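Subject: Structure handover

Hello,

The structure is below. My notes on it follow.

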Amino acid sequence: MMSNKIIEELYYSKNDEWIKVENDIGTIGITDYAQDQLGDIVYVEEIKKGTNLNKGDVISTVESVKAVSDVYSPISGEIIEVNQAIIEDPSIINKDPFGKGWFAKIKMDQPEELDELMSASEYSEYRKE
Amino acid sequence: MKLIFEKSIPGRDAYSLPTDLFQDIKIEDYLSEKHLDKDKKQLTEVSEVDVIRHFTKLSKFNYGVDDGLYPLGSCTMKYNPRINEKMATLSQFVYAHPLSSAEMIQGSLEIMYQLNLLLCEITAMNQYTMAPASGAHGELTGNLIMRQYFIDHGEKRTKMLIPDSAHGTNPASAAMAGFEVIEIKSNENGTVDLNSLKNAMDEQTVGLMLTNPNTVGLYDEGIEDIEKIVHKKGGLLYYDGANLNASLGIIRPGDAGFDVVHLNLHKTFSTPHGGGGPGAGVIGVKDRLIPYLPTPIVDFDSNEKKYFLKDTGKKSIGMVRSFWGNFSVLVKTFTWILSLGPENLYQCSRTSIINANYILAKLKKYYKPAYDQYCGHECTLTGREYKKYGIKTLNIAKRLMDYGIHPPTIYFPHFEPYAEETIMIEPPESDSKEVLDEFINIMIKISDEAKTNPEVLLSAPHVTPIGKTDDVLAVKKPILTYDDELNSKDQ
Amino acid sequence: MRYIPSTKEQQREMLKEIGVSSFEELLKNIPEKVKLKRKLNIPPALSELELEEKIVKIAQKNSNFYEMKPLLGAGAYRHFIPEAQKSLLQREEFWTCYTPYQPELSQGTLQSMFEFQSYISRLTKMDIVIPSIFDGASAAGEAALMSLRLTHKNKIIVSTLIHPHYRETIRTYLAPHHIEIIELPYYDGLVQYDQLEQLLDEDTAAVLIQSPNFFGGIEDLTAISELAHQKKALLIDIIVESMSMGILKSPGDLGVDIVAGSAQSFGMDLNFGGPYNAFLATKKQFVRQIPGRIAGETKDKEGKRAFVMTFRAREQDIRREKATSNMCTNHNLNVIASNIYLSLMGTEGIYQYSLLNAKMAHYLESQLLKTENFEKILNYPYFNEFLIKYKGNIEDLNQILLKSHFLPPLSVQSFYPGNHFEQTVLFAVTEIFNRDELNRIVDILS
């Protein structure tokens, strides 16, 4: 099985979400492993800007031909920006899961939650075949 | 192949009209333009010959049980006897209006009443409702019955326990009945983990939905413990009868302690699958649940010596469909049971169990089984070990088509740790040893091809009317009607 | 036994290959206590000859229904089905096969679904069609649940002129979801419009209306949809007599959001109540919330047009407890039955037959009213069913008709108890009658 891409400076959740932290803003997406498992993503459920989330809440649902997966927020906070591009063209997530395939930007209100997430090497271990 | 719409030519027709068209009546005198459509609905204009040729050709693109082995696990694709069809099409049954008065439908009511007695004996239950139209419909009905039972007893139970190996309809039905689904993991042997069950079963739980043998074809050796655990906390035990073909004359769900049972008449009882129905998912219950059955059921008045439709009373869950049941399916079931009798019903199960174990024994060194144990009427192999050749179970299934065989069930069931890349094979009793041997030889050949010539699997199928379909395109650019197709061309 | 080909010898060979000395070894996981230790107590096997005789005798305890044309509809209509349809349905490839999960081996089934979807789309003027829910009642139940998912509201308004079985089924489907069900009363054979205005509020998810309704009446769906939409509620149109679509305006032109339609009139015999089939039809934007299987068009790897089941992620095998419905097996063979029927009827046939149904019903009513024995108590526009009051005893009416081999109309009181319907019946007339028969009916009843 080909090895999936991992990006060093990101944090990772057990549900295959990643978060990129810049000051108190976290950008969230799903990992290369996740998009590979799903196959061609055909639908992404609308994400509402302004929603207040708790860690573990469902941000969105992605759908492929053979599977459906909830995308959970790895941290608590308010959704301040939504990536409309992936709603319009879900294939972006497959093509560029760590870059253009981002889902939402969240203003973190409990940055300590990041300690509960995995580092790149920890996630790599976790998802080793 | 062309759509019927593409064969339409203005001026053609396939219908006939009586000479008296009631021209003396002007419908505009009664219905205004508020209700009448000023235009005709545009369907098609084809001749009867066109229709016959179109559908004859279409039928040839399908593969049916009459064409050969159809080893779909969990579906019991057995022979559909022709006498069943003939009995179901007797004119006194076919033209009977469901709302006719009781004295006119004694024959239909007798079929339903007698069938109830037969099914009760076969499964050790006390009363069946014939209302549910499919297994899932039966599951919903059964869940609603259990829900009503607890409401009636003043108990607030909101959770339903369902094994991770269960068919997707189980949790979907429980959710439709308003329950929270709690998943029970399977143990190393592929059966219900008794500790998980014990921990999850409490007084807020309705009970457990169980398929036995389960979806990988294994009888649950813990069935007595399961029954005790669930009933001890006042719960109810639901039997998903999809796999009853492994149990006829061998084990009856009622004897094993089940309170609610659904049967798939279009599986175990030989009524045809019809390309996806109609079947029937009749529900059997023990005495204490009879008050909650959907209304009506058929009863016999021993004074009047007449059958009648009886309202099941105030505690009934109501109705789950209009009228009384999928009657023609019931006639076919009745006919089949009487054709077999007790010895042959047992032989159905005995033969299908031998069939499945035979395939398991012959193929396990080529396709690693999910669980290497004797199975019931179906066995679950996997395509796990072909990953290293770049081959998935899907590719094996598609290659089978090139050999003229319908693939078994693939990717179901799917649960940890071993049931993945599954190939679930159910060879019912209507398939003989030669048929199985042919299948086995082909599977061995494909195993060889996977290792030496994987490309031929990856590009399969080759000889079917169409090749592998682009399912992603179907969702991304939905064309769900002919008009969608026309509109997409305009763009 | 003729359905179980394996011989004893073959089974012995197979047991040997399996590596067991007896069959019972394969059952060792079944606890002894639960094993059945006796023969099933059911009648011994009958030969095909004996069986046929037995069942024919049972069938003969029914009336000779073929000869009895029904003046009774109420959710099950006897229409003429051309022999070509029955003949085509005999083809084993249509009825012995399974759900079309493997599209390469099921284009017959899938294309048929797609064609039926296309026909219903044109008849209803709705974008998307689910070709098979078990029957109109369960389809109505599923439509109600769908409206809850779409609106996240908790009230449903249900017309009291919906078929009583359908209403009961809707209640059963909604029971676990803590939904307030508000009944919409009727007046003069149609739903009470001003009552609807009062009953609708911001929490209403949907208004369910049957049209033509149980009394045969054609509801004003345009006006109802305007009211419903003002409160952001969906309008669900339940169609029980699909033949009505031949001449009546399509629900899509009347502001309907979801149609739950019984397709029984399109090629299914009465069969004592089932199996029938129903469709759901709705707007494109609701596709992810609609339950049931749907066929879509795509291409195969060579670019050839092909049909597949699509939008599968809504279904139970993928979504499990989060599925739009638990539906798996549906009534697919009846989809093919209707598809063939509609192909045989065509544009003209459906129009002409539908028109004939309406004309003949109105003819019968006008002739009955000319006699002294009948009275029109309600005045509403109808398709092929109408209410009428008989000035005599209903039992006599029934006996007179039965004697002349007609199945009597429905006594309305059985479904709508109340003195005002004491002598009221619901006549249904379809194209299977001819003028002489209708005249004779009037004759014997006057």
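C:Asn271 is a good place to begin. C:Asn271 touches B:Ala88, B:Phe93, B:Val94, B:Ala96, B:Phe327 and B:Ser328, leaving aside residues up to four places away in sequence; contact here means heavy atoms within 4.5 Å. C:Asn271 sits in the loop between β9 (258-262) and β10 (278-282) of chain C. Helices (H or I, at least four residues) and strands (E, at least two) are DSSP runs, numbered from the N terminus. C:Asn271 counts as buried because its relative accessibility is 12%; buried means under 20% relative accessible area, exposed over 50%, and partly exposed in between (1.4 Å probe, protein chains only).

Some ground rules. This is a predicted model, in which local features need pLDDT of at least 70, side-chain atom pairs count only at pLDDT 80 or more, and totals for chains, interfaces and linings use all residues. Residues are numbered from 1 along each chain as its sequence is written, chains are lettered from A and ligands numbered from 1 in the order in which they are written, and side-chain values use heavy atoms, with hydrogens and water left out.

**Chains B and C**

The contact takes 200 residues from chain B and 189 from chain C. About 17,500 Å² is buried between chain B and chain C, with 63% of that from carbon and sulfur atoms. Buried area is the accessible area (1.4 Å probe) that two parts lose on being put together, summed over both.

There are 17 salt bridges between chain B and chain C. The rule for a salt bridge is a side-chain nitrogen of Lys or Arg within 4 Å of a carboxyl oxygen of Asp or Glu. One joins C:Glu52 to B:Lys86, with the closest N and O atoms 2.9 Å apart. The polar contacts across this interface come to 85 residue pairs, both residues at pLDDT 80 or more. A polar contact is a pair of N or O atoms within 3.5 Å; within protein, one must be able to donate a hydrogen and the other to accept it, and residues adjacent in sequence count only if both atoms are side-chain atoms. Helix α9 (residues 327-363) of chain B gives the largest share of the chain B side that touches chain C, 27 residues.

B:Asp24 and C:Arg435 also meet in a salt bridge, at 2.7 Å, N to O. The pair runs from the segment before α1 (48-59) of chain B to helix α13 (residues 435-445) of chain C. B:Asp24 is partly exposed, at 48% relative accessibility.

**Chains A and C**

Here 10 residues of chain A are in contact with 6 residues of chain C. The buried area is about 610 Å², and carbon and sulfur atoms give 50% of it. On the chain A side, A:Tyr43, A:Glu63 and A:Val68 lose the most area to chain C, together 59% of what that side buries. The rule finds 3 salt bridges across this interface. C:Lys322 and A:Asp70 form a salt bridge at 2.9 Å, N to O. β4 (41-44), β6 (58-64) and β7 (68-72) of chain A each supply at least two residues of the side that touches chain C. β6(A) gives the most, with 3 residues.

**Inside chain C**

The domain assignment gives domain 1 (65-78 + 347-444) and domain 2 (83-341); the bounds come from an automatic or database assignment. The C-alpha centres of the two domains lie 28 Å apart. In contact are 32 residues of domain 1 and 30 residues of domain 2. The two domains bury about 2,300 Å² between them, 68% of it on carbon and sulfur atoms. C:Tyr77, C:Phe383 and C:Tyr416 supply 28% of the area that domain 1 buries against domain 2, more than any other three residues. The rule finds 0 salt bridges across this domain interface, but 11 residue pairs in polar contact, both at pLDDT 80 or more.

C:Lys86 forms a salt bridge with C:Asp269, the closest N and O atoms being 2.6 Å apart. C:Lys86 lies in helix α3 (residues 83-89) and C:Asp269 in the loop between β9 and β10, so the pair ties together parts 183 residues apart in sequence. C:Lys86 is partly exposed, at 23%, and C:Asp269 is buried, at 16%.

A network of salt bridges links C:Arg293, C:Arg312, C:Arg314, C:Glu315 and C:Asp317. Over all chains, the search finds 58 salt bridges.

Best wishes
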